[in-house]
Amino acid sequence: METTTAEFEPKIIAFLCNWCTYAGADLAGTSRLKYPANIRAIRLTCTGRIEPMFLLKAFQEGADAVLVSGCHPGDCHYTSGNYHARRRWTVFRKLLEFSGIDPRRVLFSWVSAAEGRKWSELVAEITAQVRALGPFTSFERIVKA
Amino acid sequence: MASDNIYLPYLMKVDGVRDETRDVRTLRLKFARDEDAAQFSFKAGQFGEYSVFGAGECTFCIANSPTRAGCVECTFRKAGRVTKALRDLEVGDTMGFRGPYGNVFPIESWYGKSVLFIAGGIALPPMRCVIWNCLDLRDKFKDITVVYGARTVGDLVYKDELKEWSERADMTLIQTVDPGGETPDWNGRIGFVPTVLEKAAPASAGTIAIVCGPPIMLKFTFPVLDRLGFPRASVYTTMENRMKCGLGKCGRCNVGGVYICKEGPVFTAEQVARMPAEY
Amino acid sequence: MIEQLRQRARELLGEGKVALVIGHGRGSSPQATFPVFITKADAVDRLVFNPFCRNNLAVYLTRKDIMPKGAVGLVARPEEVRSVAVLVQEQQFDADRVVLIGVACAEPGKEGAACEMLKGRTLKELEAEVAERLKGRDPAQDVAARVKELEAMTPEQRLAFWEKEFSRCIRCYACRQACPMCYCERCIVEKNQPQWIPSSARPLGNYFWNVIRAFHLAGRCIGCGACARACPMGIPLDLLNAKVAREVKESFAYEAGFDHEVPPPMASFRTDDEQEFIK
Amino acid sequence: MAMLLARKNLHALLRGAMEKKYRVVGPTRTAGIVLFAELSDPGALCLDELNTQNSIKEFFFPKSETLLTYTLGKKDVAIADDFAPPRTVLIGGRACDARSLVALDRLFGWDYKDKFYFKRREATCVITLACDRFDEACFCTSLGFGPRATEGSDILLVPAEGDAYIVEAVTDKGRALIAELEDVFTEGTPGAEKVAYPEKKFDLAAVKPWLERNFDHPIWKEEFLSCLGCGTCTYQCPMCHCFDIVDEGDIHGGARCKNWDSCQFALFTLHTSGHNPRPAQASRWRQRLRHKFVYYADKFGTEACVGCGRCIRNCPVRLSILDKLVLIGREAAAAPAPPAGAQPRGVTKRWRATTSIFRI
């Protein structure tokens with residue numbers, strides 16, 4: 001990746017639901033809305049499909065932050081996948097925090113297929129936030145050991 | 001191996017890929033370094049540890065005959081992490097091989113006798129090495145008979161070779177599939193290997209029997225051979241237990257006090273009878 | 001009290017209501033009790049109960065290799081009652097498969113503390129009785145205090161703390177094996193396609209294993225502390241579990257093992273669950 | 001006259017070794033338990049406990065050893081296996097720990113020689129401490145040696161009256177280390193040895209033939225029901241040596257590792273087909289006992305057990321191998337072996353299938 005400055009460019013792995021956020025991100029693209037290229041999107045059927053292990057694996061592979069994003073409550077393509085996911089993440093992010101992973105590196109959002117603008121703004125915001133945090137070197141220490 | 005690291009594999013290049021069935025594949029491997037190829041030799045019955053770097057190691061017998069050396073072949077079914085990775089390899093890719101390990105079939109002591117091979121399903125590969133070894137020394141043996149069965153016609157491996165064997169006048173091939181596994185044009189037998197064997201009733205006098213199959217097949221085939229009058233010392237099998245090191249250290253392949261990897265994999269039925277029922 | 005316990009066990013076995021009673025037996029000292037398996041009414045004198053009976057016996061109820069076909073009697077402290085409630089809630093077996101012999105100690109682990117029989121007979125009665133006994137009492141205050149200490153640290157400090165604790169992990173899985181809720185036929189750590197959790201006892205695998213295990217117990221752990229006591233390397237696993245249990249309680253107003261008839265919290269939801277953390 | 005090490009000079013000995021650039025490993029207290037670990041300074045040495053939680057095998061056969069590293073190219077793979085273990089002084093092991101090394105030498109040197117183990121062996125000087133106490137889990141004497149046996153040690157320190165250890169240099173390596181650190185040792189008249197011997201608890205000579213004869217016996221079904229199937233006993237055992245070989249890494253490269261594995265795990269022997277030769281926990285216990293006292297003894301001339309008692313102290317359900325050996329010893333005494341040659345041992349008349357005979 002080319003950067004004009006020596007500024008740190010974080011890698012953010014985004015696990016996106018196929019029906020809402022992925023489509024929202026697509027809309028942002030077709031609407032020519034600009035947002036930072038730090039996001040690596042992984043499309044999944046539903047937020048309910050996202051295993052907690054996916055997040056840990058992303059950190060193992062060098063992610064500086066992870067984002068999980070799906071349909072707003074009530075809008076799940078499979079009726080209730082996002083409700084189940086919400087419960088899971090409520091606990092898992094607290095556990096990760098307790099295990100030493102900065103909660104500012106574990107992010108969640110609801111972005112619908114119509115919210116291209118929200119998506120672009122969200123990405124800009126979290127990229128700036130993670131950039132300010134710097135690289136996740138402490139986890140890299142565990143991976144490399 | 002030149003190295004003092006007994007866990008260090010030879011680097012091998014995939015030289016050929018052949019699909020045997022829907023999920024069974026044969027790889028032909030050549031040594032990446034000529035000096036390894038020059039000093040490598042093996043005998044029928046030995047096995048090796050095949051590895052894909054990043055996926056791990058897996059134990060298979062060497063499936064080609066030492067009379068047709070110059071390469072190492074393995075036939076495997078895609079079942080787990082390593083075999084999946086092996087299946088993803090293409091010609092020219094690099095993988096690892098440690099071996100040869102284990103004891104051998106005492107083929108020279110069978111000279112002048114008839115040999116009967118009995119194999120089930122994916123157990124033909126360990127047998128294939130011995131069959132070709134015997135066929136390549138055809139005049140040393142009297143009758144050569146192969147009884148081979150699989151669950152379905154589609155599960156029979158080495159179809160080209162089966163065709164060749166069935167057409168050869170100097171050997172007999174009896175093929176069978178489990179009831180329900182036949183196709184409309186199937187002209188082999190139908191039935192489980194032990195049953196088909198008992199019906200075929202090959203002569204036991206002056207005959208060596210070599211059996212290979214899953215534990216459950218062995219348990220049903222040995223009694224048949226007992227009844228057909230084969231002395232247990234003339235019945236050979238190659239046992240396959242889960243192995244990791246192949247070097248008699250990792251401690252998992254033993255049946256009773258016998259380490260399959262070091263004292264086997266080739267045993268006579270007489271030796272198997274002395275083992276506890278834990279295989 | 002012990003006579004009442006033995007009498008109930010004697011009746012259950014004598015009347016053929018259960019094929020087996022699992023309880024605590026006397027070891028070389030009162031402190032060293034261990035699980036015993038009693039199949040005959042005249043052997044119930046082997047049962048003991050004292051404040052040092054700390055093994056969670058519910059762990060055996062899902063062991064297919066030893067459990068009889070019929071019903072099982074279980075000497076059940078509040079920990080076992082709650083464990084059985086979770087196992088029944090998760091449909092591992094029917095409630096009538098286990099006959100609970102309720103017992104309790106006023107201060108587990110304390111020499112001379114009073115022990116008594118619980119009155120309830122059915123799982124539902126015992127759940128209520130245990131809930132009543134535990135009301136307003138936090139038996140694991142020291143654990144809660146240590147959780148608070150850790151929470152006061154920065155994430156970096158906590159990561160360093162756990163890195164150091166987990167560095168001792170030898171991956172013996174005593175934590176898993178001692179836990180009644182870890183009944184999976186194949187644990188996630190044994191799944192290798194892909195290899196979710198590295199199996200080597202190295203920092204990354206150790207971190208993943210211990211964190212994921214705690215998560216898999218979310219809303220299920222009843223806080224018996226068997227994992228931490230089983231750990232031969234002194235890793236404070238109970239802190240992870242206590243933290244998760246507290247989050248579940250605060251977010252979903254749920255505590256595991258008091259009602260086997262409600263849906264498990266991680267397999268259900270409310271449309272108005274909290275979501276402040278979601279942007 | 002004998003060579004002595006004053007107890008107060010113990011730290012000086014370790015400091016001397018550290019100054020000579022040895023890695024010093026010894027018992028140290030961490031998180032409430034005493035473990036063998038690298039000592040950062042001599043003061044970290046902790047000799048309070050009779051026996052450490054972990055065994056010394058970790059320093060010869062680590063829980064995860066890198067056998068080779070690989071770097072993945074497009075079609076090629078580069079592998080490397082440089083290995084140079086640190087020069088180490090290992091202090092504070094017991095006679096049982098030291099004896100385990102001699103027994104493990106035979107396995108790792110059997111035919112194929114495991115360089116990782118032997119290079120660590122060569123680089124390590126083992127200073128053993130004879131025991132001045134024992135506990136109920138100790139049974140070295142039942143295995144035919146004792147708390148001041150020298151086997152496997154390079155130097156043996158025997159506690160004696162007068163706050164000193166009597167120093168026995170057992171090997172050339174031990175003598176060389178003593179010469180290197182000679183300042184801390186003194187010559188003197190030794191006080192009486194303070195060595196405590198646990199009583200002999202079973203007859204080893206009777207246990208082995210009983211185990212050989214009784215592959216099928218009600219004991220196997222009745223006595224091991226409480227086993228949880230964890231690997232604690234085998235991982236803390238100085239003699240258990242089973243391992244797994246796995247690759248760890250990413251798309252660029254990684255390492256092939258030799259990791260501890262345990263015969264007590266259900267997956268240990270599971271075939272790809274789903275068949276498991278040892279289907280029940282009790283069959284795994286039988287394997288553990290028979291491996292230690294029959295198979296290993298037959299192959300290597302020594303039991304794969306040194307009586308250190310770690311498996312007993314650490315078992316979450318207090319399932320004691322010693323209790324079972326005592327029980328087997330009693331069984332053996334009650335039913336003596338049939339006369340030799342009466343019947344060839346264990347020959348199958350009927351071909352049987354492996355089944356689970358362990359359910360209640």
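These questions and answers cover two chain interfaces and one aromatic pair in a predicted model.

Me: How many residues of chain C are in contact with chain D?
Reply: The area buried between chain C and chain D is about 3,100 Å², with carbon and sulfur atoms giving 55% of it. On the other side of this contact stand 40 residues of chain D. The number from chain C is 41.

Me: Which residues of chain C lose the most area to chain D?
Reply: The area buried between chain C and chain D is about 3,100 Å². Three residues together make up 18% of what the chain C side buries. They are C:Asp65, C:Ile170 and C:Arg202.

Me: How many salt bridges does the rule find across the interface of chain C and chain D?
Reply: Polar contact is found there, in 17 residue pairs with both members at pLDDT 80 or more. A salt bridge needs a side-chain nitrogen of Lys or Arg within 4 Å of a carboxyl oxygen of Asp or Glu. For this interface the count is 0.

Me: Which element of chain C gives the most to the side that touches chain D?
Reply: Strand 2 (34-38), helix 5 (155-167) and helix 6 (174-177) each supply at least two residues of that side. By class, the side has 21 nonpolar, 10 polar and 10 charged residues. The element that gives the most, with 3 residues, is strand 2.

Me: How many salt bridges are counted between chain D and chain B?
Reply: Chain D brings 56 residues to this contact and chain B brings 58. One salt bridge joins the side chains of B:Glu278 and D:Arg278, at 3.9 Å from N to O. The rule also finds 30 residue pairs in polar contact across the interface, both members at pLDDT 80 or more. The salt bridge count is 10.

Me: Which helix of chain D gives the most to the side that touches chain B?
Reply: Several elements of chain D each supply at least two residues of that side, including helix 2 (95-109), helix 3 (115-123) and helix 8 (281-300). The side divides into 24 nonpolar, 12 polar and 20 charged residues. With 7 residues, the one that gives the most is helix 8.

Me: Why is the pair of D:Tyr117 and D:Phe118 edge-to-face?
Reply: Over all chains the structure holds 54 aromatic pairs. The ring centres of D:Tyr117 and D:Phe118 are 5.0 Å apart, and both residues are buried. Planes over 60 degrees apart count as edge-to-face. The pair qualifies because its planes stand at 90 degrees.

Definitions and conventions:
Residues numbered from 1 in each chain as written. Chains lettered and ligands numbered in written order. Predicted model: local features only at pLDDT ≥ 70, side-chain atom pairs only at ≥ 80, totals over all residues. Heavy atoms only, no water. Contact = heavy atoms within 4.5 Å. Buried area = accessible area lost by both parts, 1.4 Å probe. Polar contact = N/O pair within 3.5 Å; in protein donor to acceptor, adjacent residues only side chain to side chain. Helix = DSSP H or I, 4+ residues; strand = E, 2+ residues; numbered from the N terminus. Nonpolar A, V, L, I, M, F, W, Y, C, P; charged D, E, K, R; others polar. Phe/Tyr/Trp six-rings, centres within 6.5 Å; stacked < 30°, edge-to-face > 60°. Buried < 20%, exposed > 50% of the residue type's maximum accessible area, 1.4 Å probe, protein only.
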